[in-house]
Amino acid sequence: MVAKNLKAVPRAAKEIQVVVRSKSTDTDQYWTSWIWDEAKPLWLVICNYPSNNSPWYLDVTKMLIIDHVMEADGGGVIVGNLFSRPISKPTDVNLARVASPEALQELADIAKIAKYIVNGTGSLTAKSKVAQSQMKALIGKLTKAKLNDRVCTLVNGKNYRGAHPLSLQGLRWFYKVDGKVSDRLA
């Protein structure tokens with residue numbers, strides 16, 4: 001039945017095949033990737049924590065990230081989680097409960113295939129000591145792997161403070177690298 005419906009799509013429609021992969025356990029969701037063109041740059045966008053336990057679930061945040069990377073002519077995106085388990089309230093107590101060294105190592109390992117590593121955690125790392133510590137540990141792992149030159153922070157276009165992709169819905173993305181802000185990644 002699906003094949004019949006696909007035949008009805010006009011010939012001018014562009015067909016894109018997307019390969020979806022995920023790294024998770026029964027309790028932890030580390031990252032999910034969507035790759036549509038291996039010849040183009042791959043992005044790793046670090047967000048806070050998964051919205052639910054299903055790695056395949058496309059929430060608004062993931063859709064915004066995929067859309068932005070496609071518009072930026074990327075070949076795919078990995079959405080990684082600074083904390084690998086979903087939580088309802090991001091208090092330091094809850095974040096400490098879901099922080100794991102394994103999650104950071106998974107992100108550092110998958111980062112090796114990404115051209116751009118975008119910190120998209122927004123204000124969480126500024127407001128939470130646990131999130132700040134987790135991000136510092138991740139940056140340490142990326143530096144040890146000699147990937148720190150690929151790292152930038154997603155910021156808003158008004159005050160250049162850290163932004164989460166969801167807070168930039170419908171807005172241009174800006175990136176901060178070594179104190180300099182640009183709307184493009186080099």
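Author: A definition to start with: Ala, Val, Leu, Ile, Met, Phe, Trp, Tyr, Cys and Pro count as nonpolar, Asp, Glu, Lys and Arg as charged, and the others, Gly among them, as polar. Also, keep in mind that this is a predicted model.

Reader: Okay, so which class gives the most residues to the lining of the second largest pocket?

Author: That pocket has a volume of about 210 Å³. Of its 13 lining residues, Tyr-49, Ser-51, Asp-59, Thr-61 and His-164 sit closest to the centre. Count the lining by class and you get two charged, five polar and six residues that are nonpolar.

Reader: And which element has the largest share of that lining?

Author: Two elements, α2 and β4 (76-81), each bring at least two residues. The largest share is three residues, and those come from α2.

Reader: What about the largest pocket: which helix gives the most to its lining?

Author: This pocket has a volume of about 470 Å³. Its lining counts 21 residues, with His-68, Glu-71, Ala-72, Trp-173 and Tyr-175 nearest the centre. Four lining residues come from the top contributor, residues 60-71, which is helix α2.

Reader: Zooming out, what is the radius of gyration of the protein?

Author: The C-alpha trace spans about 55 × 40 × 30 Å along its principal axes. For 186 residues, a compact globule would come out near 16 Å, and the protein agrees with that, at 17 Å.

Reader: How many helices and strands are there?

Author: From the N terminus, the order is α-β-β-β-α-β-α-α-β-α-α-β-β-β. Tallied up, that comes to six helices and eight strands.

Definitions and conventions. Residues are numbered from 1 along each chain as its sequence is written. This is a predicted model: local features need pLDDT of at least 70, side-chain atom pairs count only at pLDDT 80 or more; totals for chains, interfaces and linings use all residues. Side-chain values use heavy atoms; hydrogens and water are left out. On a 1 Å grid over the protein atoms alone, a cavity is a set of points where a 1.4 Å probe fits but cannot get out, and a pocket is an open set with protein on both sides within 12 Å along at least five of seven lines; lining residues have an atom within 4 Å of a point. Grid points are joined across faces, edges and corners, and a volume is the space filled by probe spheres set on the points. The radius of gyration is taken over C-alpha atoms; the globule rule is 2.2 Å times the number of residues to the power 0.38.
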